[in-house]
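Reader: I am new to this structure. Please take a close look at one part, the helix that carries a disulfide, and describe what surrounds it.

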Amino acid sequence: MDGPDSSTTRRAMLGGIGTLVAGGGVVYGASRLDSDSAEPTSSESNRTQFHSRSETTGLGIELGGHPIMGEMDAPVDVYYWSDYQCPFCRRFEADSFPKIVENHVRPGTVRFVFIQYPYLSESSMTAAVMDRCVWRQVRGGDAARYLDWHSAVFDAQGEKNSGWASAENLLEITANVEGVDADAVETCLDSHGTEIEAAIETDVQQASQYGIRGSPAFVLYNRESDKAGKIVGAQPYERFDSAISKVKNA
């Protein structure tokens, strides 16, 4: 969706997408898919694959810099906006996320895109920047180590602004995640932190085009049919399962 009116079009398209809350449903919109490029990286055969991609999807999501989990030709994209300090994100990670991975990502129905939405405090941005640095460090090798780090940070989540998400503490967590080089991550923070923060702020601004105001938030997108739906909040797995099926078959 190129051109000066693309942002307005996306707002119009996605602003009315149904939110799957109690009694809610999915409303669909249309968009355009750009061509694929680049080759995926690989992970251990017994783990969920992660990929790095430079591509703008038909929904206008720039995949560059974002971890992508699952088969690259999966029919449904799930874009996941989160904040490491968000307790509802942690609830989603503990309850619904493992079932989505097992029942939709691994079988090849969904590719899952992780996008940072650090809106709760300055510490949220610190964690978001480190997330990007970790991904930069692992994406060329065992990219699935990203999920190990991601999960370790949510496992360590404390009260907002209690200091648990300081750079020092997050680096200590990082040092205990096998396959992630904490020294390389710290170097990335020092050398590229400002640049990465600007990119994350752009992602946050773009999220508003999809009616996103908090986390966790999800947009589900069928890249072939150009149909999409939205879920907000740590909803039960059954709602994700139903929404994925609706978008896949739309």
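Author: A residue is called buried under 20% relative accessible area, exposed over 50%, and partly exposed in between, with a 1.4 Å probe and protein chains only. The model is predicted, so local features need pLDDT of at least 70 and side-chain atom pairs count only at pLDDT 80 or more, while totals for chains, interfaces and linings use all residues. Residues are numbered from 1 along each chain as its sequence is written, and side-chain values use heavy atoms, with hydrogens and water left out.

The helix in question is H4, residues 122-138. Helices (H or I, at least four residues) and strands (E, at least two) are DSSP runs, numbered from the N terminus.

A disulfide, meaning a pair of cysteine sulfur atoms within 2.5 Å, joins Cys133 to Cys188, with 2.2 Å from S to S. Cys133 belongs to H4 and Cys188 to helix H7 (residues 182-207), so the pair ties together parts that are 55 residues apart in sequence. The torsion about the S-S bond of Cys133 and Cys188 is about -75°, so this disulfide is left-handed. Both Cys133 and Cys188 are buried. A search of the whole structure finds 1 disulfide.

Cys86 and Cys89 make a useful comparison. The sulfur of Cys86 has its closest cysteine sulfur in Cys89, at 3.1 Å, which is too far for a bond. Cys86 is buried, at a relative accessible area of 1%, and Cys89 also counts as buried, at 0% relative accessibility.

H4 also packs against helix H6 (residues 167-175), at an angle of about 35° and with the axes 10 Å apart. Those axes are lines fitted to C-alpha atoms, for helices over the stretch in contact, and the angles run from 0 to 180 degrees between N-to-C directions. The crossing of H4 and H6 is right-handed, a term used when the near helix is turned clockwise from the far one by less than a right angle; anticlockwise would be left-handed.

On the H4 side, Thr126, Ala127 and Met130 meet Ala167, Leu170, Leu171 and Thr174 of H6, where contact means heavy atoms within 4.5 Å. The residues of this contact divide into 5 nonpolar, 2 polar and no charged.

Before H6 comes a loop from helix H5 (145-155), and Asn161 lies in this loop. Asn161 has a positive phi of about 60° although it is not a glycine. At 48% relative accessibility, Asn161 counts as partly exposed.

Note on methods
Nonpolar A, V, L, I, M, F, W, Y, C, P; charged D, E, K, R; others polar.
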